[in-house]
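I set out to record what I looked up in this structure, entry by entry. The notes are meant for a reader who has not met it before.

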Amino acid sequence: MQLELRHLQAVCRIAEAGSLGGAARRLGVSQPALSAQLRRIERVTGGELFVRGRSGVEPTALGQFVLAKARRVLSEMDALGAEARALATGTPLRLGCILLVLLDGLLAETDLSMSGQEITVDLEDSVTALARMLGAGRYDAIVYGEVNDHEVPLPAGTLARTLIPKEPFCIRLSAGHPLAGPDRIDLADLAGESWMTLVEDDDGGPEALVAACAKAGFVPSLRYRITDRKMHYDLIAAGRAISLSQPTAPQVPGTVMRPLAGAPVTGRIRLAWNRSAVSAGQAELLYRAAARAYLANVDNHAFHKDWWDAHPELHPTLE
């Protein structure tokens, strides 16, 4: 038997999962089948690649050597596929996103920075669906958000880079609201309000809001879930609801944005891509395009511009 790419992938998955069972689930095969395959691989390599340890299987010295070589070969094959795909004419780069403020600007920025590369963009409500479709090859790259400590699990074969590590969510409310005057709002003062729920319900946002409100002493009334931006803003302007919002969101007549004291809910924005479909150069261009799209909105509200300027460690890298 000669070693094939699938054998190298199996060795890497076993090392990543720390167990044959976990690796088998990731590879979509049965554990006995993977165990038999590992024995065949070990006959070719000349010795045991893994031994049982206190926390699962661990690579032997030979296993470490094979792993290093396998990862290098697989990385080169991924790069080959991605770069060849980038050069192929008529092959669009498929980008999936959730509804983020930077989305509108991202489309323009990718047109500028990736001229000559056709890009298709789809909008999804679910971060989980985005990640699943990235793993299935429906998307080549995705831009998504995570709230507070929530982490979106990504499929095997993908790479990710954090674009904005932290941004403090704020409150959008009617310009006629009694709390529209103060520069900052205590979450506890919003106990009696009707809330517009976040469009995405699997990025950690709803749980973060409920947990923050519970800490402030109340349970929020999550009354509305509206994806249409105009209707969303009209309800708030009419004083019928309030909502959490990214601090880079645009100014809207009849509404105001105010920061929350203590920043109890924060978000981050990430870019992930399929390493066999997106080259390192393309990933860098996407990162830069998304960063410029975000930066175009940091001064939409003076309070956020001040906060942003005070936290240069959070700024995306564009040099």
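The entries below go from the whole chain to single residues and then to a pocket.

**Entry 1, basis.** I note that this is a predicted model, in which local features need pLDDT of at least 70, side-chain atom pairs count only at pLDDT 80 or more, and totals for chains, interfaces and linings use all residues. Residues are numbered from 1 along each chain as its sequence is written, and side-chain values use heavy atoms, with hydrogens and water left out.

**Entry 2, the chain.** I looked up the secondary structure and found 10 helices and 12 strands; these are DSSP runs numbered from the N terminus, helices being H or I with at least four residues and strands E with at least two. Along the principal axes, the C-alpha atoms fill a box of roughly 75 × 50 × 35 Å. Of the 319 residues, 47% count as buried, that is, under 20% relative accessible area with a 1.4 Å probe and protein chains only. I also looked up contacts (heavy atoms within 4.5 Å): among those between residues at least 6 apart in sequence, 73% join residues at least 24 apart.

**Entry 3, rings.** How many aromatic pairs are there? I found 1 aromatic pair, where ring centres of Phe, Tyr and Trp (its six-membered ring) must lie within 6.5 Å; planes under 30 degrees apart count as stacked, over 60 as edge-to-face and the rest as tilted. The pair is Tyr294 with Trp308, tilted, at 5.5 Å centre to centre and 50° between the planes. Because Tyr294 belongs to helix 9 (residues 280–295) and Trp308 to helix 10 (residues 302–309), the pair ties together parts 14 residues apart in sequence. Tyr294 is buried at 1% relative accessible area, and Trp308 is buried at 3%.

**Entry 4, His7.** I placed His7 in helix 1 (residues 5–17). Is His7 buried or exposed? His7 counts as buried, at 2% relative accessibility. Leaving out residues up to four places away in sequence, His7 touches Met1, Gln2, Gln37 and Ile41.

**Entry 5, the largest pocket.** I used the pocket rule: on a 1 Å grid over the protein atoms alone, an open set of points where a 1.4 Å probe fits, with protein on both sides within 12 Å along at least five of seven lines; lining residues have an atom within 4 Å of a point. The lining of the largest pocket has 33 residues, and Leu99, Leu100, Val101, Ser245 and Gln246 lie nearest its centre. Elements giving two or more residues to this lining include helix 5 (103–113) and strand 12 (266–274).

How values were computed:
Buried < 20%, exposed > 50% of the residue type's maximum accessible area, 1.4 Å probe, protein only.
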